[in-house]
Amino acid sequence: MNLMKTLLTAAALAAMLGGSAYAKTLVYCSEASPANFDPGTTTGGNDFDASSRTIYSRLVEFKHGGTEVEPGLAESWDISADGLTYTFHLRAGVKFQSTDYFKPTRDLNADDVIFSFMRQQDDKSPWFTYLPNLSYDYYVGMDMPKYTKSWEKVDDLTVKLTLTEPNAPMLANLGMDFASIMSKEYADQLAASGNLADLASKPIGTGPFQFLDYQLDSTIRYAAFPDFYRGKEKIDSLIFSITPDATTRMQKVIAGECDVMPYPNPADVPALKANADLVVLQQAGLNIGYMSYNTTQAPFDKAEVRHALNMAIDRDALIKALFQEAGAEPAQNLIPPTMWSWNSAVNFDAYDPEAAKKILADNGVTSIELWASDRVRPYNPNFARAAELIQADWSKVGVTATITTEEWTKYREDGKKKDRPGAFQIGWTGDNGDPDNFFATLFSCSAIGVSNYSSWCNESFENDIQKAKTTSDMAERTKLYEDAQVVFAAEAPAFLLAHSQVYAVTSKKVVGYQMDPLGIHRFDGVDKTE
């Protein structure tokens with residue numbers, strides 16, 4: 001998108017809103033196209049940026065720039081002494097967005113809340129399978145079916161969640177993207193017309209921006225929602241300019257064609273910092289880059305083989321080549337050292353190619369399939385380059401790696417398959433600041449086929465992380481997660497790469513944009529000087 005088109009879009013928006021000719025437009029150079037606009041059905045940060053953090057709201061929200069929960073659509077809540085019942089008191093007068101395809105006749109109420117969650121749990125609901133190959137990965141990965149006994153409507157503005165057993169991270173879980181609240185009235189309209197799939201392509205929410213249109217793999221347009229319950233945003237028009245290539249994103253932000261860009265090439269960070277017209281934001285990522293081995297397939301079902309594959313990789317050289325001056329910390333555990341319960345006594349496999357070569361030869365390991373995506377992620381700025389370097393290291397110990405590269409959305413879908421061969425590069429940015437969001441979401445037994453790309457189910461690890469959910473005693477939870485890290489290190493279901501520094505670049509005209517430890521890009525509260 002060039003600057004002239006941006007100005008024309010802003011003028012058109014001003015005319016549409018009947019407002020000032022000086023309508024403010026902010027352009028965000030997104031790194032990837034969204035799979036769709038239903039955050040319950042997606043798992044990518046780029047999906048959530050385009051849907052849950054723009055169009056939708058949740059019962060509780062995370063404060064800007066942190067992991068602390070604050071009131072959202074629920075202005076308050078009560079938790080029973082036994083930790084089994086959460087009663088949410090909804091705000092009165094919260095409006096749903098009105099478009100040419102839906103005109104709401106009522107405000108948000110308890111029916112919308114119950115619909116938003118039960119559509120992900122009730123396998124008899126038409127919404128459970130309303131899209132081809134649909135799976136509610138986050139809902140399942142967070143064990144919501146196991147812990148949810150019922151959602152009940154007390155009255156229009158009161159809704160009660162009853163759990164099957166206490167769950168310490170539950171409140172934080174409800175601030176996550178899958179917990180975005182949708183309009184049941186809109187869903188009923190779509191069901192009556194037989195157009196259920198429109199829920200994912202023509203979204204309606206209560207969030208700060210309402211959806212206008214999407215040009216596939218090119219542009220998403222939003223307008224500030226004038227009836228947003230926290231007040232209309234200062235930005236009138238928000239545009240996502242989808243720009244997968246990091247070099248092109250950099251060129252656009254320098255030229256003024258976009259106002260915010262994420263994930264610059266590590267090599268470009270010094271030049272961006274030297275540009276007086278730009279602001280480079282930086283923070284330690286609440287993330288992990290890793291590579292899952294399919295532990296259900298021989299010989300990768302043996303821990304000694306997985307350890308040997310890890311030992312054959314020169315991890316320090318790999319990190320230096322990938323992250324360059326941008327910086328990343330070698331990962332000793334699945335969770336980053338900034339997160340509570342990180343176990344300082346655990347160390348990742350040391351580089352030892354000679355020992356690795358013997359173990360792999362003894363186990364007859366001569367080949368492996370190695371997966372790489374075509375996208376840049378904060379925890380891995382270059383999947384293809386990483387694959388090439390790992391391939392070279394494995395070749396030195398007698399293992400031939402065949403690299404398979406796929407587009408990001410297809411890559412994640414194929415990676416979930418239980419029969420997927422070999423080693424799969426992936427990563428994670430925490431959603432809620434709780435260790436459970438790493439351990440359970442990525443490596444629990446229930447996450448196999450969802451977000452457990454190793455298909456690893458270990459009884460000791462599972463017992464630790466499940467017990468940790470049921471107590472609110474922080475010392476006990478910490479000890480259980482520390483034990484889980486010991487088990488993980490011994491079993492090595494994955495090669496742990498690094499916890500990266502994360503960067504975002506903005507024009508100096510942008511005011512109020514904050515980086516987020518949860519890896520999301522939010523534009524509520526952002527302004528732009530003209």
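A cavity here is a set of grid points where a 1.4 Å probe fits but cannot get out. These close-ups all come from a predicted model.

**View 1. The largest cavity and what surrounds it.** Going by that rule, the model holds five cavities of 30 Å³ or more. The largest cavity offers about 320 Å³ of space. Its lining runs to 27 residues, and the ones nearest the centre are Thr43, Gly44, Gly45, Tyr138 and Trp428. Two or more lining residues apiece come from helix 2 (45-50), helix 4 (137-141), helix 15 (408-416) and strand 17 (423-429). Strand 17 chips in with the largest share, four residues. Sorted by class, the lining of the largest cavity has 14 nonpolar residues, plus seven polar and six charged ones.

**View 2. The second largest pocket, with helix 15 in the lining.** This pocket has a volume of about 280 Å³. It is lined by 16 residues, with Ala35, Asn36, Thr41, Thr409 and Glu413 closest to the centre. Helix 15 supplies the largest share of that lining, four residues. The same helix also gives two or more residues to the lining of the largest cavity, so look for it in View 1 too. As for chemistry, the lining of the second largest pocket splits into seven polar, five charged and four nonpolar residues.

**View 3. An open four-stranded sheet.** The strands run in the order 4-5-7-6, and the pairing is antiparallel. Strand 4 (74-79) and strand 6 (148-155) sit at the edges with a single partner strand each, so one side of each has no neighbour in the sheet. From one strand to the next, the twist averages 20°.

**View 4. Strands 6 and 7 up close, with helix 3 packed on the sheet.** Six bridges join strand 6 to strand 7 (residues 158-163), in the antiparallel sense. If you want one bridge to find by eye, go for Glu152, whose partner in strand 7 is Lys160. Helix 3 (residues 110-118) packs on this sheet, touching strand 5 (85-90), strand 6 and strand 7. The direction of helix 3 makes about 165° with that of strand 6.

**View 5. Two backbone spots worth a second look.** Most residues other than glycine have a negative phi, and most peptide bonds are trans. Asn133 is not a glycine, yet it has a positive phi of about 55°. You'll find Asn133 in the loop between helix 3 and helix 4. The other spot is the peptide bond from Ala298 to Pro299, which is cis, with omega near 0°. Pro299 belongs to the loop between strand 13 (287-293) and helix 11 (303-311).

**View 6. The annotated span, residues 68-447.** An unreviewed UniProt entry places the feature "domain: Solute-binding protein family" on these residues. In the model, the C-alpha atoms at the two ends of residues 68-447 lie 25 Å apart. The make-up of the span is 29% helix and 23% strand.

Note on methods. Residues are numbered from 1 along each chain as its sequence is written. This is a predicted model: local features need pLDDT of at least 70, side-chain atom pairs count only at pLDDT 80 or more; totals for chains, interfaces and linings use all residues. Side-chain values use heavy atoms; hydrogens and water are left out. On a 1 Å grid over the protein atoms alone, a cavity is a set of points where a 1.4 Å probe fits but cannot get out, and a pocket is an open set with protein on both sides within 12 Å along at least five of seven lines; lining residues have an atom within 4 Å of a point. Grid points are joined across faces, edges and corners, and a volume is the space filled by probe spheres set on the points. Ala, Val, Leu, Ile, Met, Phe, Trp, Tyr, Cys and Pro count as nonpolar, Asp, Glu, Lys and Arg as charged, and the others, Gly among them, as polar. UniProt positions are given in the numbering used here, feature names are shortened, and annotations may be inferred rather than shown by experiment. Two strands pair if DSSP finds at least two bridges between them. Axes are lines fitted to C-alpha atoms, for helices over the stretch in contact, and angles run from 0 to 180 degrees between N-to-C directions. Contact means heavy atoms within 4.5 Å.
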